[in-house]
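Student: I'd like a close look at just one part of this one, the open sheet. Could you walk me through how its strands fit together and what sits around them?

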Amino acid sequence: MLPDDSAEQLRAEHEALIQFLYLAPVGLVQASLDGEIAMINPISAQLLMPLSPDGCLTNLFAALEGVAPGLRLQCAQYPRAQGMVFEGLHIHLRGAENGKRAPQILSLTLLKLDEARIMAVIQDVTAEVRRERQLRQSDAWLNAILTRISDYALVSIDRLGRIVDWNESIARVTGFGEHVIGSPYSVFYPPGAMTPEHLLDRLREADRNGWSLDEGLRLRADASQFWASALIAPLPDREAFGIDDPQAPAYALILRDISDKRAASEKRRQAAFCDHLTGLANRRAFFEAAELELERAAHTPRLLALVLFDADMFKNVNDRYGHPAGDRVLVDLADALRDSFRIVDTVARLGGEEFAVLLPSTGEEEALAGAERLRALVATRLVASDAGEIAYTVSAGVAVLAPSAGGERDAAAGIDDLIKRADQALYLAKGRGRNCVASWSSGLSDNEDIPKRSRNAG
Amino acid sequence: MTNAIPSFDTPGLADLLDASSQEQLDALAFGVIGFDADNVVQRYNAVESQAAGLSPQRVIGEPLFTNVAPCMNNFMVAQRFEDAAEQNSELDDTIDYVLTLRMRPIKVKLRLLASAGGAHRYVLVQRR
């Protein structure tokens, strides 16, 4: 038996250790490989409780399922006996419903300790990510300048984005001849990769920031494509070219062929912005794209459509054919979505069997037609599985933000409202018997809350 | 005034707790954390101390939502008290929650109590 003062010392040390863990300013969780929680500290509960669909914290993966699907799979597929499954994974939350100071982005690190245990570190990184996004833009800009330029096309464009003159460099990089003068600079973009509104957005962003940079596929005159970085900068002394002449050069567009660097930059992009299972945009990419699109629409009002897709009776597919087959159905649906929409549209997996497509400069009729096309396409597809071919269907809800006659936006101003409306339309489609597309109308009240989980039943 | 020991869901519990001695708080079957308008913990009973593994002297005088129970610092708990204080209204609500007592996830019922004006506020904890 321990002497009294030694037992007392042990007790005090134990208490200090417990308090140390209570006060740790990051979330720490120890769980089994299936996510069953063994140990958890208070910050974890603070961050996870608002997300937990069933209001308990018995399973880490279940608590995060709604915002980060596929963690269980990723953990199960991790090939090594121990090590980092992933580090600093960003998880985007739907913040607006949960109060003004609620976290928007969590960072999750998952460490496999051995064949029985994992350790998770969870942090609210909302403020850091905002700062980082600004830095990333500056980085891209420096990179564009400092990377050794082997060849580039230098194109002068006017204030409406039309090409003002032609030179040898344009021919070298793109193959376009003199006839390109007078065309909008979107001639260098593949079909579906640019809208007239985006064309002007880039010019406005260049005015505001001093430059606008993007990377992506570009088109040569012979219709072949190449991976390019495009920098637009306002000409410093453009007033000298004539303020009144709308065809005077106003911006320089520098187009560089960086096909050789594409693999590296794509890999970086995929790790951060792609859904692990389907390769579509993840929640983070979706919310960033939506935020940018709304920001642009706030400046120059335009239409913006959102379609939410949900695989019908998906639980039955999982129950009957097993989760691996269910995953193949999700991958098939993702392929169909990717093939059906334009490059400029953001096709994302939001969670579970729920997908979203954001369509810039698109009205209700077009969005409905796109959704219907996808629905009909899916109804013809079969997915192979061990237990035979699987037929499946999807339902879709469409919502559109439209500028009103006065140029003011209607009541649904944020992405959360747009999602809510598309969600209500989707609920309507499910109610009509599934395999069906519905559109939001003001008859579906903005205030009427549909229980989030109710339609997940099918 | 009754002499019966109050239970977790006794109506008007805040006034009874205000009037209770430390011994009376310690005799209760549920956890009691009392705190003031600045969120500083003023009262802490034996059940809560035992469940959390912290002695009262480590807790009393500390800010509740940052240093004692960070797990409640979100819109489900802390913001409820904040909103009630902002609107100068009374708060008496019971919610299901999970506390991380001694780093184990423990399902509990929390009763959130605040008088209008918010000078005396309580979080009561009962296991479910």
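Tutor: Let's start with one pair of residues: A:Leu219 has A:Gln225, in strand 8 of chain A, as its bridge partner. Those two belong to a longer match, since strand 7 of chain A and strand 8 (residues 225-234) of chain A run antiparallel and are joined by 8 bridges. Before going on, a word on what you're looking at: this is a predicted model, where local features need pLDDT of at least 70 and side-chain atom pairs count only at pLDDT 80 or more, while totals for chains, interfaces and linings use all residues. Residues are numbered from 1 along each chain as its sequence is written, and chains are lettered from A and ligands numbered from 1 in the order in which they are written. Helices (H or I, at least four residues) and strands (E, at least two) are DSSP runs numbered from the N terminus, and two strands pair if DSSP finds at least two bridges between them.

Now step back to the whole sheet. In chain A, 4 strands make an open sheet with antiparallel pairing, in the order 6-9-8-7. Strand 6 (152-158) and strand 7 (212-219) of chain A are at the edges with a single partner strand each, so each has one side without a neighbour in the sheet. On average, neighbouring strands here are turned by 30° against each other, direction ignored; the axes are lines fitted to C-alpha atoms, for helices over the stretch in contact, and angles run from 0 to 180 degrees between N-to-C directions.

Over at the strand 6 edge, 7 bridges link strand 6 of chain A to strand 9 of chain A, again antiparallel. Along that pairing, A:Ile157 is opposite A:Tyr251 in strand 9 of chain A. Edge or not, strand 6 of chain A is mostly covered, with 5 of its 7 residues buried. Buried means 20 or more other C-beta atoms within 10 Å of a residue's own, exposed means 12 or fewer, and partly exposed is in between, with C-beta atoms placed from the backbone.

There's a helix to fit in as well. Helix 7 (residues 196-209) of chain A lies across strand 7, strand 8 and strand 9 (249-257) of chain A, and runs at about 50° to strand 8 of chain A. Contact here means two residues whose C-beta atoms, placed from the backbone, lie within 7 Å.

For a contrast in cover, try helix 1 of chain A, which is hardly covered: 1 of its 20 residues is buried.
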